[in-house]
Amino acid sequence: MKRRELIAGVGSLAVVGGAGYVALNGVDLGDDGLPLTVQTLDAPGSEAGKRPVPAPGKPTVLDLFATWCVPCSAQMESLTALHEEFGDDVAFISVTNEGFGDNLTADDVRKWWADHDGAWTVGHDPESRLMKVLGAGGLPYLAVFDADGTATWTHRGLASESNLRAQITAVL
């Protein structure tokens, strides 16, 4: 392979990789599977049923979590404060992909939710569809969507309350 062809090939890979980044930060993901409907649980601030993610026509904060995830527990403190601050203007939804069975039940998630002061919609996505669509490679994983359903910001790992507040404010 000639040097020029090699450089062009590497440049093409950078463009394709960059496109994946753009798809998660400012481009409507509707063609890739959003909104997705998740089952919701009867828990504090949440009713059993189904809910589209992101919420139609409203800015949305999505939190992907697991009950075994220590940083997810820590993230709940910031989410609780921000829900109290923005909950009238922004939809909050937290979703676990944990499978229910012998070791974990919906009651276990409800207890974890109450113990961590959850007061907004909590959902269940055992097929990890949201994680796949968003390219979430770990937990906790946060996404902020504007009222049109466009993902304006995503973050893997524990996010600071001030950073998340700034991202929420940007979509209002």
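Biologist: Are the residues on the two faces of strand β5 (residues 121-124) buried or exposed?

Modeller: This is a predicted model, in which local features need pLDDT of at least 70, side-chain atom pairs count only at pLDDT 80 or more, and totals for chains, interfaces and linings use all residues. Residues are numbered from 1 along each chain as its sequence is written, and side-chain values use heavy atoms, with hydrogens and water left out. Strands (E, at least two residues) and helices (H or I, at least four) are DSSP runs numbered from the N terminus. Thr121 and Gly123 on one side of β5, and Val122 and His124 on the other, are all buried (under 20% relative accessible area, 1.4 Å probe, protein chains only; exposed is over 50%, partly exposed in between).

Biologist: Which residue of β5 is the bridge partner of Thr96?

Modeller: Strand β4 (residues 91-96) pairs with β5 in the parallel sense over 4 bridges; pairing takes at least two DSSP bridges. In β5, the partner of Thr96 is His124.

Biologist: Where do the buried residues of helix α5 (residues 161-171) lie around its axis?

Modeller: The buried residues are Leu164, Gln167, Ile168 and Val171. Down the axis of α5 they fall within an arc of 100 degrees, so they line one face of the helix; the arc is that of the directions from the helix axis to the C-beta atoms.

Biologist: What is the handedness of the link of Cys69 and Cys72?

Modeller: Cys69 and Cys72 form a disulfide with sulfur atoms 2.4 Å apart, the criterion being a pair of cysteine sulfur atoms within 2.5 Å. With 75 degrees about the S-S bond, their link is right-handed.
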